[in-house]
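Student: I would like a close look at a single part of this protein. Please take one strand and explain how the rest of the chain is arranged around that part.

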Amino acid sequence: NRLVKDEDQVALKIKGLPYSTTFEEVSDFFKNFQYIEKSVVLGLGRDGRKNGFGSILFEDEKEAKDAMTELQGQYVGNRYVDLSPISYGDYSRFNGP
């Protein structure tokens, strides 16, 4: 599965986050990888509440692939997350599934 990128930046979609997840918790989850500072987005449902989805933007494709390989299925809080590549355009419009 090839990661889609805009210039050198690559985004990952995060599925399965606890609804209570904070930006800081997601940043901490990816702390061993070079992501764009303050790029974490938490998806919101129509009611304005967090929906368990998120996204994050990485410096380059290698960092995103390494993060996806190492962190796939790992836990944030009491839920395991599923990571998948998304385009930069999807990242820029991100608000959930």
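Tutor: What follows is an account of strand S4, its partners and the core beside it, in a model that is predicted.

The setting comes before the strand. The protein has three helices and seven strands, and from the N terminus on these run β-β-α-β-β-α-β-β-β-α. Of its 97 residues, 43% count as buried. Among contacts between residues at least 6 apart in sequence, 70% join residues at least 24 apart. The accessible surface comes to about 5900 Å², and carbon and sulfur atoms account for 44% of that area.

Strand S4 covers residues 50–58. Is this strand enclosed or open? Eight of its nine residues are buried, so S4 is largely enclosed by the rest of the structure.

Two strands pair with S4. One of them is S2, residues 9–15, which runs antiparallel to S4 and is joined to S4 by six bridges. Within that pairing, Leu12 stands opposite Ile56. The other is S3, residues 41–44, again antiparallel to S4 and paired over three bridges. Here Val41 has Ser55 as its bridge partner, and Leu44 stands opposite Lys50.

S3 and S4 form a hairpin with five residues between the strands, and in this hairpin Gly48 takes a positive phi near 85°. Leu44, which lies in S3, is partly exposed, with a relative accessible area of 36%. Its C-alpha atom is 9.6 Å from that of Tyr19, a residue 25 places away along the chain. Ahead of S3, in the loop between H1 and S3, is Lys38. Lys38 is not a glycine, yet its phi is positive, about 65°. The residue is exposed because its relative accessibility is 80%, and the cut-off for exposed is over 50%.

Within S4, Leu57 deserves separate attention. It is buried, with a relative accessible area of 5%. Leaving aside neighbours within four places in sequence, Leu57 is in contact with Gln9, Val10, Ala11, Tyr35, Ile36, Ser39, Tyr88 and Tyr91. Leu57 and Ser87 are 30 residues apart in sequence, and their C-alpha atoms are 9.9 Å apart in space.

In a regular strand the side chains alternate between the two faces of the sheet. Nonpolar side chains in soluble globular proteins also tend to be buried together. With that background, consider the nonpolar cores of this model. The largest has 19 residues, and those with the most contacts inside it are Ile14, Phe30 and Phe58. S4 is one of the elements that each supply at least two residues of this core, along with S2, helix H1 (23–29) and helix H2. H2 gives the most, with four residues. A second, separate core has seven residues, including Ile36, Leu57, Ile86 and Phe94.

Phe30 shows what surrounds a residue of the largest core. Not counting residues up to four places away in sequence, Phe30 touches Ile14, Tyr35, Ile56, Phe58, Ala67, Leu71 and Leu83.

Since H2 gives the most residues to that core, the helix is the last piece to examine. Which residues of H2, running from 61 to 71, are buried? They are Glu61, Glu63, Ala64, Ala67, Met68 and Leu71. These residues cover an arc of only 165° around the axis, which puts them on the same side of H2. The face turned away from that buried side carries the exposed residues Lys62 and Thr69.

The two ends of the helix can be described as well. At the N-terminal end, Asp60 caps H2, with a side-chain oxygen 3.2 Å from the backbone nitrogen of Lys62. After the helix comes Gly73, whose phi is positive, near 80°.

To put the part back into its place: S4 is largely enclosed, with eight of its nine residues buried. S4 pairs antiparallel with S2 through six bridges and with S3 through three. S4 supplies at least two residues to the largest core, while its residue Leu57 is included in the second.

Note on methods
Residues numbered from 1 in each chain as written. Heavy atoms only, no water. Buried < 20%, exposed > 50% of the residue type's maximum accessible area, 1.4 Å probe, protein only. Arc of directions from axis to C-beta. Polar contact = N/O pair within 3.5 Å; in protein donor to acceptor, adjacent residues only side chain to side chain. Contact = heavy atoms within 4.5 Å. Areas by Shrake-Rupley, 256 points an atom, 1.4 Å probe, with all protein chains shown as cover. Core = buried A, V, L, I, M, F, W, Y, C linked by side-chain atoms within 4.5 Å. Pairing = 2+ DSSP bridges.
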